Amino acid sequence: MLFKLSLSNIRKSFRDYAIYFFTLIIGVAVFYVFNAIGEQTAFLQVSQNTSDIIDLLKNMLNGISAFVSVVLGLLIVYASRFLMKRRNKEFALYLILGMGKGKISAILLIETIIIGIGSLGVGLLIGIGLSQLMSTLVANLFEADMTEYTFMVSTDAIIKTAIYFGIMYVVVMFFNSFMISKCKLINLMQSGKKSEKLKLKNPVLCVIIFIVSVSALGYAYYTAGWKTNDMSTEKLAKLIAIGAVSTFLIFWSVSGMMLRVVMSMKKKYYKGLNSFTFRQISSKINTTVASMTVICLMLFVTICTLSSAFSIRNSMNANLKEMCPADLEIQFKQYNDQTYQDIYVDIVGKAKEFGYDFEEDLSESVHFHSYGDDNFTFADALGSHLEEIQKKYLYMEYDNPEDIVRLSDYNAIRRMYGKDEITLNDNEFAIICDFKSIKAIRDEALTTDKAVTIFGHTLISKYDECQDGFIDISSQHVNIGFYVVPDNVVDENYASVDFLIGNYNAETKEDKQIIEDKIQNKYKDFFKDYTSSVNDSNIGYQYALNTRIDIAEATVGLGAMVTFIGLYIGLIFLISCAAILALKQLSESVDSISRYEMLRKIGAEESDLSKSLFRQTGIFFLLPLLLACVHSVFGMKFATFILETFGTEKLAESIGFTSIMILIIYGGYFLITYLCSKSIIKSHKQ
């Protein structure tokens, strides 16, 4: 009997609350897809480095899944609260007919089990299908071979999804039972008759709080967007707290101001159903200030996360071709560990002494070294601007000697990189820099201080600003600046870092990989022999091998990792926000059925009711999104400071793609919510 009654209840509720069931199914599907990535990538033919990155991605997704499960769990509990409210009259009828609270709890328990099994089953089927498409996306992001692809079902992901969602549904069962045990018959019977009292807040207080909140947000925006140089963890936490509190107070004040403002516009307020529409909107916002705040902040995180993730991947992949124009770079620096004075070592010659020839497999190469003048530091380069810049950038190191490169060496590098050479007179220098924020500092110094002294030579800048360029191969803009000077200026006694940059003597990808493996092994063996031969404990050294293949794999791996993490968090947050708003609107539509009936009785047209409902739903969905977009404008301004290393050339493209995703998912929920709400108020038409 109870099972039959539970099935009947689910069938009756399915139409009105299809969004709830749909969200559960999508939640299960998304959870499965991202947790199945580990097994879905097992068939991919990738290098060991890429395989390690995929393993790291799997571990990170496992951790994020725990956080995602909490978000989805809160969403399910929140949704259950609205569903319980919707059924107050039904529960009252059960109690009047003599059914005990225990049996009502049993009905809810059976319903939750049926809904849970149904949503879990359908969600897993959809997830298994989508995971096959995800395999293609993974292969594309990691640039992997899919020749060994086969249809695959992840048993571990199924078990994990079932456990996580099983726990969520158990929590919902306890929540429902607790709610039933606390309810009283009189309250259940009168719930439909209780009209929500619309309390008009003090308009003066609302205006004051609104102005204070906007001012506080302005301070947070300005500090985060234009005072990033001295940003600390404590200050960032403070700004986040200010932003969250200000967001809450803005919604609180707007809920009190909106109706007052519209009511003061007599002609507008009393036109058609505007008075009803705006009172409904004000009531919704007034009773969901905390929810609107959380939704707004979640949308803000979604926009910034998705935009940043896509920007990092797109920019790094685009930069790879430009910033990594050579196959190989070896750096070596030796110094006195007590005095930190550089001790120059010719790495190519030293390697040959041990029987290793790094140049034998290169079709072309440039072997050179940089210099360092202890009397010419970053502070000296800033000249009269030093004090001003130190106030802006508190945590920069100003005492490090500037890197210096001979003109002939730099031009040799530019020829290899396929770039035009530069020219300098005997008394000129050029600064090469591509790290934007540091470039801005150096450019500021060059506006007035164009003369510097390097190795006792007074030189003047040929250019009014830093020139774009680099030496180190990379997929990021990491060159904070070095000086190019005429060859006769440098003092060979101050040679510092030794470089070997070259291209492999191979054309095909396979042949390049063979040389890559050979040089990697040779490099490891040489430095193992070399370090064991250094007997002086005061000698320190730094060495690095960078190759285009390694950089490409790391770039592709990092890009894929941030894309998956951004998508995972962004999709869950976006779906949760839209679902909460949708459920609230549907619940309000059910509670307002009698109001719409009254409007019909006094002559309101059905088209006017639909228009009023559309406006209510639209404004309800739009308000948190609008404020989230404002937050995101300044949030992305702060993000560009962090993203600068990776590059922000593709940021506009990433924001555009994020906007499309929000339009499809968030807009789709809005449209479905409006149609479902419209169906609810029409189905009770007398």
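In the predicted model, strand β4 (residues 428–432) and strand β6 (residues 457–461) run parallel to each other and are joined by two bridges. Within this pairing, F429 is found opposite S461 of β6. Strand β6 is also paired with strand β5 (residues 451–454), here in the antiparallel sense and over four bridges, and in this second pairing V452 has L459 of β6 as its bridge partner. The connection between β5 and β6 is a hairpin in which two residues lie between the strands, and F455, located in the turn, adopts a positive phi of about 50 degrees. Strand β6 thus takes part in a parallel pairing with β4 and in an antiparallel pairing with β5.

Strand β4 appears again in the surroundings of helix α17, as it belongs to the elements that cover the buried residues of this helix. Helix α17 spans residues 407–416, and eight of its ten residues are buried, so that the helix is largely enclosed by the rest of the structure. The buried set consists of L407, D409, Y410, N411, A412, I413, R414 and M416, where burial denotes a relative accessible area under 20%. Besides β4, the cover over these residues includes β2 (362–377), β3 (401–406), β7 (482–485) and β8 (495–504). Following α17 in the chain is G418, for which phi is again positive, with a value near 75 degrees.

A further arrangement concerns helix α13 (residues 289–323) and helix α20 (residues 548–591), whose axes come within 8 Å and cross at roughly 160 degrees. Because crossing angles over 145 degrees count as roughly antiparallel, α13 is described as roughly antiparallel to α20. The handedness of the crossing between α13 and α20 is left-handed.

With regard to the protein as a whole, the secondary structure comprises 23 helices and nine strands. Of its 686 residues, 51% count as buried, and the exposed area of the protein amounts to about 32100 Å², of which carbon and sulfur atoms supply 60%. Among the contacts in the protein with a separation of 6 or more, 86% are accounted for by residues 24 or more positions apart. The pairing of β4 with β6, the cover provided to α17 by elements including β2 and β8, and the crossing of α13 with α20 are among the arrangements described here for this protein.

Key:
Residues are numbered from 1 along each chain as its sequence is written. This is a predicted model: local features need pLDDT of at least 70, side-chain atom pairs count only at pLDDT 80 or more; totals for chains, interfaces and linings use all residues. Side-chain values use heavy atoms; hydrogens and water are left out. Two strands pair if DSSP finds at least two bridges between them. Buried means under 20% relative accessible area, exposed over 50%, partly exposed in between (1.4 Å probe, protein chains only). Contact means heavy atoms within 4.5 Å. Accessible areas come from the Shrake-Rupley method with a 1.4 Å probe; for residues, only the protein chains shown count as cover. Axes are lines fitted to C-alpha atoms, for helices over the stretch in contact, and angles run from 0 to 180 degrees between N-to-C directions. Angles under 35 degrees count as roughly parallel, over 145 as roughly antiparallel, 65 to 115 as roughly perpendicular and the rest as oblique. A crossing is left-handed if the near helix is turned anticlockwise from the far one by less than a right angle, and right-handed if clockwise.
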